[in-house]
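Here are a few worked exercises to try with the model open beside you. Take each task on your own before reading its solution.

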Amino acid sequence: KSHAKRRAVMPAFSSNHVKRMMRVSLDKMEAWIKLMVEQTTEDEPSFDFDVSEEMVCIVLSAQSETAFEYEMTEQDMDTFGKDQ
């Protein structure tokens, strides 16, 4: 039984899929870092943000894109990723 279950999910973890997941995850993280840098100015060198909320949004976005091939919108993030 467990052998059949393992065989059923093996294609999801093929080398190509794992590489794609890694690339998408790195792209999401780099975009987030760029956004944080852009929000930092000389007049306001630091600002507050909820690290856990930001990480949930990054992970949710990466999972959505890699598992379902769906790029989440800002509205999706507000609905599913951020505390109301």
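**Exercise 1. Placing a serine**

In which helix does Ser 25 lie? Then decide whether Ser 25 is buried, partly exposed or exposed.

*Solution.* Bear in mind throughout that this is a predicted model.
- Step 1: find the element. Ser 25 is part of helix H2.
- Step 2: check the accessibility. The relative accessible area of Ser 25 is 33%. Buried would need under 20% and exposed over 50%, so Ser 25 counts as partly exposed.
- Step 3: look back along the chain. Pro 11 is 14 residues away from Ser 25, and their C-alpha atoms are separated by 19 Å.

**Exercise 2. The span of H2**

Work out what span to expect for H2 at 1.5 Å a residue, and set it against the model.

*Solution.*
- Step 1: count the residues. H2 covers residues 15-39, which is 25 residues.
- Step 2: get the expected span. The rule takes 1.5 Å times one less than the number of residues, so H2 should span 36 Å.
- Step 3: compare. The end C-alpha atoms of H2 are 36 Å apart, in agreement with the expected value.

**Exercise 3. How H2 meets H3**

Describe the packing of H2 against H3 (residues 51-68).

*Solution.*
- Step 1: choose the descriptors. A pair of packed helices is described by the angle and the distance between their axes.
- Step 2: read them off. The axes of H2 and H3 come within 9 Å and cross at roughly 145 degrees. The crossing is right-handed.
- Step 3: list the partners. From H2 come Arg 20, Met 21, Val 24, Ser 25, Lys 28, Met 29, Trp 32 and Met 36. From H3 come Glu 54, Met 55, Ile 58, Ser 61, Ala 62, Glu 65 and Thr 66.
- Step 4: sort them by character. The contact has 8 nonpolar, 3 polar and 4 charged residues.
- Step 5: pick out the buried residues of H2. These are Val 24, Trp 32 and Met 36, and H3 is included in what covers them.

**Exercise 4. The whole chain**

Why is the protein chain described as more spread out than a compact globule?

*Solution.*
- Step 1: take stock of the elements. The chain has 4 helices and 0 strands, in the order α-α-α-α.
- Step 2: apply the globule rule. For 84 residues it gives 12 Å, but the radius of gyration is 17 Å, well over that value, so the chain is more spread out than a compact globule.
- Step 3: add the dimensions. The C-alpha trace spans about 60 × 30 × 20 Å along its principal axes.
- Step 4: add the burial. Of the 84 residues, 19% count as buried.

Methods. Residues numbered from 1 in each chain as written. Predicted model: local features only at pLDDT ≥ 70, side-chain atom pairs only at ≥ 80, totals over all residues. Heavy atoms only, no water. Axes fitted to C-alpha atoms, helices over the stretch in contact; angles between N-to-C directions. Helix = DSSP H or I, 4+ residues; strand = E, 2+ residues; numbered from the N terminus. Left-handed = near helix turned anticlockwise from the far one by under 90°. Contact = heavy atoms within 4.5 Å. Nonpolar A, V, L, I, M, F, W, Y, C, P; charged D, E, K, R; others polar. Buried < 20%, exposed > 50% of the residue type's maximum accessible area, 1.4 Å probe, protein only. Rg over C-alpha atoms; globule rule 2.2 N^0.38 Å.
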